[in-house]
Amino acid sequence: MKAQRILIIGGGFSGMSAAIELRKAGAEVDLVEIDPEWRNYGAGISLGGATLRAFRQLGVLDEFLALGSAQDGVTIRLPHGLEVGKLPTPRLAGPDVPGGGAILRPVLASILADATRKAGTKVRLGCTFTSIEQDADGVDVSFSDGTRGRYDLVVGADGLYSKLRQALFPAAPKPRYSGQGVWRAVVPRPPEIATCTMWVGPKIKPGVNPVSKTEMYLFITEPRAVNEHLDPATFVDHVRGLLADFPALVERLPQPASNLSGGERQQLAFARALMPSPRIMVLDEPTAALAPSLVGKVFDMVQTLPAAGVAVLMVEQRARQALAISQQGYILDQGRCVLHGPAQELLEDQRMAQLYLGSH
Ligand SMILES: Cc1cc2nc3c(=O)[nH]c(=O)nc-3n(C[C@H](O)[C@H](O)[C@H](O)COP(=O)(O)OP(=O)(O)OC[C@H]3O[C@@H](n4cnc5c(N)ncnc54)[C@H](O)[C@@H]3O)c2cc1C
């Protein structure tokens, strides 16, 4: 049976998009949104090529391009600014539209709300369902404003904590906290930020994404074991602390990718290895062929990894410095393990030090 009368519960991005498309298909569409002011919270929203393709289908691409920001690729940088590379973003919306972009959430919500109303959707704000009863021919719905309606189809678009899902599928699993928090802020966009840019650190990965010609939004993902309430008065200090290891982001002075020194090459290799958030890293002589002044920096980098949840197995000729930052050591001689134990004990063993540790 073709659905003629459709109810959408929830006026977020999903509900509005469904309403626009269902109206195009000729259905009568009612949309109820619980928020009387139909607000949309948050900073920017990053969008891939598939979403821009959906905007084209919905008929809102031109408004998005005028009020948001679209560009190709994601630039990846090291904490101090060095560019590691550019991730491609295929142009899925068509050859004339960049492969990604971003926009302020309230701006996108307002574009979609206008399109929803223009499409002829009957929108009721400050309204929700109070009961739903399905029979063989349709669905009877009671609303919080005292009205009732009969529909061929009801679409639940009331978000992550959907009351409709709870009413229809009470045994369905509840959303679970995944262990990652995101800090977000809207800040002025300097001219050198032309595309989404991320700085890859061992523990957190901050990024900025242009949301308009003059603004960008800053996002910082942070592993947080517990989803607890934080006092807003602490926000700025907390974010400043998270960004302490990202001087280039703080100063907004990204360096060009050219002129890599040996130490920078090693940092680049670390950043590449850290991008998929590994649980273990195997390092084969990370200080080999480096100037003595850079050796300490590499060991400093290695030392930060365990605190970020990355286990490290390292083969290194500079045994004394390697043991100093390790928990366990294995001394190899001609390919055979001749001694192993807690790194501190190996360091203090004078005989082993004379035989194998040298002066490094
Ligand atoms: C921190 C964070 C960052 C994110 N960043 C991105 C990003 O960069 N890019 C991206 O693509 N996605 C991102 N997402 C995901 C994206 O925000 C969601 O996928 C999207 O908002 C889902 O839209 P929705 O319309 O399904 O739900 P929602 O946006 O939750 O909208 C639900 C709507 O239903 C209304 N409602 C709720 N209950 C009822 C009820 N009982 N009756 C009637 N109305 C009701 C609400 O008021 C709301 O308007 C992010 C999410 C989070 C949390």
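1. To begin with one residue, S144 is found in the loop that lies between β10 and β11, where helices (H or I, at least four residues) and strands (E, at least two) are DSSP runs, numbered from the N terminus. This is a predicted model, in which local features need pLDDT of at least 70 and side-chain atom pairs count only at pLDDT 80 or more, while totals for chains, interfaces and linings use all residues. Residues are numbered from 1 along each chain as its sequence is written.

2. Is S144 buried or exposed, or in between? S144 is partly exposed, because 13 other C-beta atoms lie within 10 Å; a residue is called buried if 20 or more other C-beta atoms lie within 10 Å of its own, exposed if 12 or fewer, and partly exposed in between, with C-beta atoms placed from the backbone. Leaving aside residues up to four places away in sequence, S144 touches C127, T128 and T130, where contact requires that the C-beta atoms, placed from the backbone, lie within 7 Å. The C-alpha atoms of S144 and F129 are separated by 5.9 Å, although these residues are 15 residues apart along the chain.

3. The loop of S144 belongs to a hairpin of β10 and β11 with four residues between the strands, and in this hairpin G146 takes a positive phi near 90°. β10 and β11 pair in the antiparallel sense over four bridges, and two strands are said to pair if DSSP finds at least two bridges between them. Within this pairing, V141 stands opposite G149 in β11.

4. On the other side of the sheet, β9 is joined by five bridges to β10 (residues 139-143), and these two strands run antiparallel, with Q134 standing opposite V139 in β10. The three strands form an open sheet in the order β9-β10-β11, with antiparallel pairing. Its edge strands, each of which pairs on one side only, are β9 (129-134) and β11 (148-151). Neighbouring strands of this sheet are turned by 20° against each other on average, direction ignored; the axes are lines fitted to C-alpha atoms, and angles run from 0 to 180 degrees between N-to-C directions.

5. Which residues are closest to the ligand? Of the 21 residues that surround the ligand, the closest are G10, G12, S14, T128 and G159, a residue being near a molecule if its C-beta atom, placed from the backbone, lies within 6 Å of it. T128 is also one of the residues that S144 touches. The shell divides into nine nonpolar, eight polar and four charged residues, where Ala, Val, Leu, Ile, Met, Phe, Trp, Tyr, Cys and Pro count as nonpolar, Asp, Glu, Lys and Arg as charged, and the others, Gly among them, as polar.

6. Two further residues deserve a look for their backbone angles. W38, which is not a glycine, has a positive phi of about 50°; W38 is placed in the loop between β2 and β3, and W38 counts as partly exposed because 17 C-beta neighbours lie inside 10 Å. E285, also not a glycine, has a positive phi of about 45° and lies in the loop between β17 (280-284) and α9 (292-304). With 13 C-beta neighbours inside 10 Å, E285 counts as partly exposed.

7. For the chain as a whole, there are twelve helices and 20 strands. Buried residues make up 29% of the 360 residues, and among contacts between residues at least 6 apart in sequence, 65% join residues at least 24 apart.

Note on methods:
Two residues are in contact if their C-beta atoms, placed from the backbone, lie within 7 Å.
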